[in-house]
Amino acid sequence: MNDRSSSPTVDLQQFGGRATPNGNAALGSAANGDHTDLLEVMYNQWRNYPESVEESWRHFFEGFELGCTQPPPPRPGEAAPGNGAGGSTNGTGANGVITHGPADFVTPSVEALSHRAKQAHLYNLLFAYRTSGHYIAKLDPLGFNTKSIPYLELSNFKLGPEDYDTTFDSGTLAGGGDRKLKEIVEIVQETYCDTVGVEYMHMHDFTMRRWLRDKMEKCRNHPNFSPAKKKRILNHVMEGELFERFLHTRYVGQKRFSLEGGETLIPMLDAVVEMCPSMGVSQIVMGMAHRGRLNVLANILGKNYKFIFSEFAENYSPQAVQGDGDVKYHMGFEATQLTSDGSRVGISLAPNPSHLEAVGPVVQGKARAWQRLLNDTKERGKVLPILLHGDAAFAGQGVVMETLNMSQLEGYQTGGTVHVIINNQIGFTTLPQDGRSTDYCTAVAKMLGAPIFHVNGDDPQAAVYVMELAFEFRQRFKREVVVDLVCYRRLGHNEGEEPDFTQPVMYSAIDDHPKISEIYLKELIAAGEMTEAEAASYHAKFEQKLTDALAESKAMVQGMAPSIRKPLATPQLLEAFESAALPEVVQKVGLNLTNLPPVGFHANPKLLKFLERRRQMVEGKTPVDWSMGEALAFGTLLYEGVPVRLSGQDSRRGTFTQRHSVLYDTRTRERYVPLKNISEDQASFCCYNSPLSEYAVLGFDFGYSLDYPNMLCLWEAQFGDFGNGAQVMIDQYITSSESKWGVNSAIVLLLPHGYEGQGPEHSSARLERYLQSCAEDNIQVTNCTTPASFFHLLRRQGLRKIRKPLVVMSPKRLLRDKHCVSDISEFSKGCFQEILADPRAGELKSAKKLVLCSGKVFYDIDDYRVDKKVEDTMVLRFEQLYPFHEAKLREILAGQRFEKIVWCQEESQNMGAWTYIEPQLRRVFGQEIIYAGRDASASPATGSLGISKLEQIDLVEQAFRA
């Protein structure tokens with residue numbers, strides 16, 4: 001085949017690339033071993049049809065063949081030696097050079113071949129700098145972490161100083177064109193090996209790589225800022241430094257977790273705020289740990305200095321804050337900042353505990369909620385999440401990986417986050433070589449193909465440039481991006497510690513190291529863009545501003561006197577709330593839940609039967625089971641305008657094949673969601689199968705619930721005991737956020753719970769842990785036993801204005817238990833009942849004994865009572881354990897007295913509700929409460945089904961033997 005125009009071309013789509021490499025970005029990836037199949041295909045195509053291969057590939061293969069003593073195929077205009085006649089020759093020409101191709105080609109000269117070989121080596125050199133230049137970049141302000149990479153020496157690419165004046169094709173470098181080798185080397189070294197180091201060649205998306213490459217190489221990663229912008233950068237550095245030193249001298253020894261050594265962060269964040277209007281961002285959602293938090297609050301969010309100073313006073317008492325409060329460097333804050341052009345940008349800094357990276361997924365959830373509020377759920381460009389990390393935490397905390405993993409998932413996307421690492425090169429007292437196994441703390445971000453910028457904290461101008469580039473990348477590609485601000489920590493972990501004890505060499509260098517503002521000011525003075533007098537004037541004005549604020553704060557706290565606060569209380573939680581739905585609404589919603597698309601949808605035959613059973617429930621032919629009760633709760637809320645979001649592992653189908661909120665076409669896997677097809681003007685329903693994470697996913701949904709309070713937001717554990725994988729979120733946020741930070745959430749936790757012989761890992765949702773955390777009406781803990789009860793509970797949570805987290809011990813066996821059903825009429829009347837009266841009270845001759853319980857054990861107790869014809873024992877069940885509804889308990893019993901009162905539970909004695917509820921019951925009844933249940937144990941349950949059944953029979957018998 002001699003027709004070059006019809007020669008085949010490689011489809012790079014199958015390799016994650018494009019048909020035309022457009023420079024050696026694609027070439028570099030292949031040459032690096034990422035796409036060996038691609039390399040082989042391209043090589044074979046080049047050998048057969050050289051002109052069908054893009055130019056940069058031809059250069060690469062020519063150099064490769066030369067190294068193997070095989071000359072390259074002739075290029076246009078190069079006739080092969082021979083008789084000079086037309087036609088084709090393939091054989092050995094003059095000087096033993098192998099020739100092939102048209103006879104009108106000439107064999108290149110030795111000099112031409114040599115230049116071609118060097119040209120190919122130059123492309124490899126460019127690839128090497130783009131890939132590895134960051135290793136030798138000047139990133140450490142202290143000068144310790146310097147590396148030597150012999151691989152980047154010219155000699156490794158068969159080039160040397162003697163080639164400096166030789167002109168080469170520079171490919172795409174800095175716009176492309178012919179350049180001398182000396183200039184080419186200068187460009188790549190300035191771009192990749194100065195105070196900015198970039199990791200981006202691991203990115204599999206060629207478009208992103210090329211965009212970054214061209215942006216960086218065009219300016220050589222050295223921005224051309226105006227004198228005014230440079231002054232703004234310097235002023236913000238000085239503000240950060242002066243603020244820290246002011247606190248250090250006025251509040252000696254008090255913890256503040258200083259930013260000293262990393263003050264470049266302040267102009268970096270300021271630059272983002274300034275860019276927001278031009279980038280279409282109106283809201284920033286931020287999260288950060290304690291390091292530098294006060295500085296960010298003061299100099300970025302604009303929190304009044306006097307309030308910050310007041311919080312250092314020993315007698316400070318925040319009169320407007322209820323609850324226990326928190327230390328000042330954990331509190332959240334919200335502000336609206338004006339940019340220099342007069343635009344407004346909202347900034348929300350989420351509160352955080354000392355669990356350093358726990359705030360990450362919370363911020364993601366808050367950001368997604370804001371995107372829904374701003375009708376930005378498609379582009380996700382109006383809301384910018386920013387997370388500030390510490391280096392040791394980013395590398396060491398697993399929740400970082402969990403959160404990154406969620407970033408591109410349907411139910412958790414936020415359009416990308418700008419991650420900034422305040423890299424002090426130490427974690428508490430631990431150096432990097434003791435804290436991670438990777439060269440950089442940022443290695444985990446590579447799994448996403450995220451670009452990673454490393455920048456020297458002593459070069460604030462470069463840091464601001466990198467931050468702006470990262471922001472632009474996020475807005476353009478809606479992906480994660482990481483900025484690693486390599487700096488140092490001038491003081492110890494906190495201001496009362498002595499770092500010389502453990503890091504004497506590092507801190508000797510830090511003691512002698514000049515401040516960032518001093519270094520930058522010298523550069524500006526040398527460039528004639530600033531004078532020392534201007535800097536001194538700004539310094540004096542800012543210090544006076546701080547001094548005046550200090551005087552105001554002293555006057556403000558002078559009359560304050562700390563006092564022990566009364567416990568928080570929300571008595572309205574125990575008020576009856578009308579949660580019934582209108583009968584016609586229940587009917588309409590229920591019937592629509594059983595419909596399929598009118599034509600063309602091929603449902604699984606088993607699901608057709610499932611839908612038919614549901615239709616019979618709605619029509620009153622059969623009682624309603626648990627999953628239909630839940631669906632009716634969701635559907636009626638949606639019909640009434642309350643959006644619903646449910647996420648969790650396998651939540652669409654349901655762990656126990658009970659929910660089927662999403663139906664799939666058996667031929668196409670097209671999805672149909674009945675809860676999205678109730679009415680034309682219904683609220684939105686979202687149900688997502690989450691990644692295999694509890695910690696980050698629960699944090700995300702908690703964050704979502706904070707900033708979108710009108711939505712019923714639920715997180716479901718695959719099994720309830722998996723909730724302990726999210727224990728940090730439960731302890732640090734869900735149960736305590738109102739008391740610590742005045743933050744309210746109405747998130748619902750669905751935790752499958754029940755002893756059915758499934759072993760230690762699938763029996764207990766650890767009810768005792770939630771009850772142990774209950775105080776000050778902080779959460780609601782429930783264990784429902786009927787579909788109607790669950791229906792009313794969910795509707796109460798979605799409709800009631802009081803916002804409190806709801807913990808539900810949801811069922812497993814009861815999902816299909818013939819006893820655990822409700823009549824359709826129960827959904828259109830009444831409300832949630834915290835305690836259910838004995839349904840057989842009218843059959844009792846005299847009630848001498850009272851058995852109290854919660855959850856599915858009620859059915860075992862009732863079955864035993866019926867089977868044994870027990871007529872003197874009343875059984876009450878607690879649908880809600882906390883808040884404890886004492887008034888309702890007294891109302892149901894109406895002053896009755898019992899010879900014996902028994903608490904019966906499935907869980908071991910040291911678990912379940914016993915230790916929580918026994919003191920409550922003893923106080924109400926004024927007599928001993930007898931325990932019936934499993935013995936105390938280290939493990940939640942036995943691993944033997946047979947033993948579990950025996951234990952269940954025994955604990956029920958205990959209740960009647962007592």
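In this predicted model, helix α17, which spans residues 516-526, has I516, S517, Y520, L521 and L524 among its buried positions. Viewed down the axis of α17, the buried residues fall within an arc of 115°, so they line one face of the helix. An α-helix has 3.6 residues a turn, so residues three or four places apart point the same way. The face of α17 turned away from the buried side carries K522 and A526, both of which are exposed. The cover over the buried residues of α17 includes α7 (227-250), α15 (460-477) and α18 (532-557). Just after α17, G528 takes a positive phi of about 70°.

A second element to consider is strand β18. Five of the five residues of β18 (residues 748-752) are buried, so this strand is largely enclosed by the rest of the structure. In a regular strand the side chains alternate between the two faces of the sheet. Both faces of β18 are covered, with V748, L750 and P752 buried on one side and L749 and L751 buried on the other. Strand β17 (residues 712-716) pairs with β18 in the parallel sense over three bridges, and within this pairing E716 has L750 of β18 as its bridge partner. Strand β20 (residues 806-810) also pairs with β18 in the parallel sense, over five bridges, and here V748 stands opposite L806 of β20.

Further along the chain, five strands form an open sheet of mixed pairing, in the order β21-β23-β22-β25-β26. Its edge strands are β21 (835-836) and β26 (929-934), each of which pairs on one side only. Strand β25 (residues 900-908) runs parallel to β26 and is joined to it by five bridges, and C904 has A932 in β26 as its bridge partner. Two helices that pack on this sheet are set out below.

| Helix | Residues | Strands touched | Angle between directions |
|---|---|---|---|
| α27 | residues 857-867 | β22 (849-853), β23 (873-878) and β25 | about 165° with β23 |
| α29 | residues 914-925 | β22, β23, β25 and β26 | about 160° with β26 |

Helix α27 thus has contacts with β22, β23 and β25, while α29 touches β22, β23 and β25 together with the edge strand β26.

Conventions. Residues numbered from 1 in each chain as written. Predicted model: local features only at pLDDT ≥ 70, side-chain atom pairs only at ≥ 80, totals over all residues. Heavy atoms only, no water. Pairing = 2+ DSSP bridges. Helix = DSSP H or I, 4+ residues; strand = E, 2+ residues; numbered from the N terminus. Contact = heavy atoms within 4.5 Å. Axes fitted to C-alpha atoms, helices over the stretch in contact; angles between N-to-C directions. Buried < 20%, exposed > 50% of the residue type's maximum accessible area, 1.4 Å probe, protein only. Arc of directions from axis to C-beta.
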